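Let's take a walk through a protein model together. Have a look at the sequence and the 3D view, and keep them open as you read.

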Amino acid sequence: MITAILTVYKRPHVLLEQISALKNQTVKPEKIMIWVNGDAILPELNDPNIIITRCSDNLKFHARFAYGLLSKTKYVAFFDDDSIPNEKWFESCLNCIKEQDGIYGSTGVVLTGN
């Protein structure tokens with residue numbers, strides 16, 4: 001139902017904490033896709049549900065949104081490399097979407113269909 005996309009640029013040291021937070025969600029992501037800008041060194045990740053894509057050029061934050069088009073799930077959640085979601089973040093978003101369609105951010109509804 002949900003794909004999580006993580007962007008790694010300046011803070012690869014946070015990646016394991018982010019992945020742990022995603023795996024501990026009450027609603028677990030089906031896939032975790034990692035977009036790596038530049039030459040960041042990542043920790044060893046041996047998980048078939050994690051896909052890593054590297055780009056030698058720094059395409060800034062824009063590329064992750066295009067990367068999201070490769071997802072096969074109904075919902076896609078994008079995270080900066082300084083964002084750690086609490087354990088009910090996906091659950092909360094899904095509950096809110098039942099009441100109002102929109103693009104949800106960490107501070108609430110960003111854009112609605114109305």
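Why is there no bond between the sulfur of Cys93 and the closest cysteine sulfur?

## The cysteines

Before we get to that, keep in mind that this is a predicted model. Now for the sulfurs: the cysteine sulfur closest to that of Cys93 belongs to Cys96, and at 6.6 Å it is too far away for a bond. A disulfide, after all, is a covalent bond between the sulfur atoms of two cysteines. Searching the whole structure turns up 0 disulfides.

Are Cys93 and Cys55 buried or exposed? Cys93 is buried, because its relative accessible area is 14%, and the cut-off for buried is under 20%. Cys55 counts as buried as well, with a relative accessibility of 15%.

## The sheet

Next up, the strands. There are 4 of them in an open sheet, lined up in the order β3-β2-β1-β4 with parallel pairing. β3 and β4 sit at the edges with a single partner strand each, so each has one side without a neighbour in the sheet. On average, neighbouring strands are turned by 20° against each other, if you ignore direction.

Now zoom in on one pair: β1 and β4 run parallel and are joined over 5 bridges. Here you'll find Thr3 standing opposite Val76 in β4. Helix α3 packs on the sheet too, where it touches β1 and β4, and its direction makes about 130° with that of β4.

## Helix α1

Helix α1 lies across β1, β2, β3 and β4, and it runs at about 170° to β1. Which residues of α1 (residues 15-23) are buried? They are Leu15, Gln18, Ile19, Ala21 and Leu22. These residues lie on the same side of α1 because they cover an arc of only 160° around the axis.

It helps to know that an α-helix has 3.6 residues a turn, so residues three or four places apart point the same way. And what covers the buried residues of α1? The cover includes the strands β1 (2-8), β2 (31-37), β3 (50-55) and β4 (75-79), along with helix α3 (89-99).

## A serine in a loop

Last stop: Ser71, in the loop between α2 (62-67) and β4. Being in a loop, is Ser71 buried or exposed? Ser71 counts as buried, because its relative accessibility is 14%.

So who does Ser71 meet? Leaving out residues up to four places away in sequence, Ser71 touches Thr3, Met33 and Val76. Its side chain also makes a polar contact with the side chain of Thr73, at 2.9 Å.

Key:
Residues numbered from 1 in each chain as written. Predicted model: local features only at pLDDT ≥ 70, side-chain atom pairs only at ≥ 80, totals over all residues. Heavy atoms only, no water. Buried < 20%, exposed > 50% of the residue type's maximum accessible area, 1.4 Å probe, protein only. Helix = DSSP H or I, 4+ residues; strand = E, 2+ residues; numbered from the N terminus. Arc of directions from axis to C-beta. Contact = heavy atoms within 4.5 Å. Polar contact = N/O pair within 3.5 Å; in protein donor to acceptor, adjacent residues only side chain to side chain. Pairing = 2+ DSSP bridges. Axes fitted to C-alpha atoms, helices over the stretch in contact; angles between N-to-C directions. Disulfide = S-S within 2.5 Å.
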